Amino acid sequence: MTGDIYTFKILRYDSSVPEKRPEFQLYRIRVIPGLTVLTVLNRIRDEIDGTLAFRASCRSAVCGSCAMVVNGKIDLACRTQVASFDTREIILEPLPNLEIIKDLVVDMTPFWNMYEKIRPYLVRNSADPEKEIYQSEGDRKRIDQFVNCILCACCYGACPVLSRNPDYAGPAALAKLERFISDSRDERPMKELEAVNNDKGVWGCDTMLRCIDACPKDVRPTDSIVSLRKKLIKYKLLGKGNK
Ligand code: SF4
């Protein structure tokens, strides 16, 4: 038989049975080269233990559903090769900074609430043009990295500020705010930035850069926070209401 035997230690918890404390459950699985953590999770659920809960969909690092902690590192299970670790023990835990619903499934409500607050869409005041709204290649390039965000919440789980201040907007929401406010087609007034001109917004970031380390799509949320800070200072000094 090919492949090595791995021990998967998976944190189990059911919020509907709160009196039962979280505990690790062990599964021993033979893993052939090329298998991802998500493939193994599917095998455990389908062949060994149908009660194991985790989220997943695309298996291609596009949907952002399978974010979790693998051997202490936050990443997507679908893009993490089991054989990439130099140990035969793989520890799987749910994303930090969010309440566990069951096993590896966390309650994403606070993440989505923050995201919704920044109005994550193009805000227009002008009448709609007859054709599409033109955007130059240079203007598109300016927002490229932030467009790549798949809303997986890896950065949210990695953020040390959120671990002590759940009211902080978080890296993903601020990166999306930068993505839209810097979009040449967006017409929201600069005064909208007032909402993040505080410790719950852009000034709350400790610039520990853990969000950058955690992001599977090479988005750099800290860059967006620095850019928003600059925009705010300019807006305050020059007092310009519109972009
Ligand atoms: Fe995920 Fe990166 Fe977007 Fe954060 S910025 S939600 S880590 S893709």
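## The ligand and its shell

How many residues surround the ligand, and which are the closest? In this predicted model, the ligand is surrounded by 13 residues. The closest are C149, I150, C152, C155 and C215.

What classes of residue make up this shell? Twelve are nonpolar and one is charged. No polar residue belongs to the shell.

## Two domains

The domain assignment splits the protein in two. Domain 1 covers residues 4–105. Domain 2 covers residues 109–238. Taken over C-alpha atoms, the centres of domain 1 and domain 2 are 30 Å apart.

## Where the domains meet

The two domains touch. On one side, 14 residues of domain 1 make contact. On the other side are 17 residues of domain 2.

The size of an interface is often given as the accessible area lost when the parts come together. Between domain 1 and domain 2, about 1,000 Å² is buried. Carbon and sulfur atoms give 61% of that area. Three residues stand out on the side of domain 1: I74, N97 and L98. They supply 47% of the area that domain 1 buries against domain 2, more than any other three residues.

## Contacts across the interface

Which polar links cross between the domains? The rule finds zero salt bridges across the interface of domain 1 and domain 2. Polar contacts are present, with a count of six residue pairs.

Strand β4, residues 73–76, gives the most to the side of domain 1 that touches domain 2. Its share is four residues. By class, this side of domain 1 has nine nonpolar, two polar and three charged residues.

Terms used
Residues numbered from 1 in each chain as written. Predicted model: local features only at pLDDT ≥ 70, side-chain atom pairs only at ≥ 80, totals over all residues. Heavy atoms only, no water. Near = heavy atom within 4 Å. Nonpolar A, V, L, I, M, F, W, Y, C, P; charged D, E, K, R; others polar. Domains from an automatic or database assignment. Contact = heavy atoms within 4.5 Å. Buried area = accessible area lost by both parts, 1.4 Å probe. Salt bridge = Lys/Arg side-chain N within 4 Å of Asp/Glu carboxyl O. Polar contact = N/O pair within 3.5 Å; in protein donor to acceptor, adjacent residues only side chain to side chain. Helix = DSSP H or I, 4+ residues; strand = E, 2+ residues; numbered from the N terminus.
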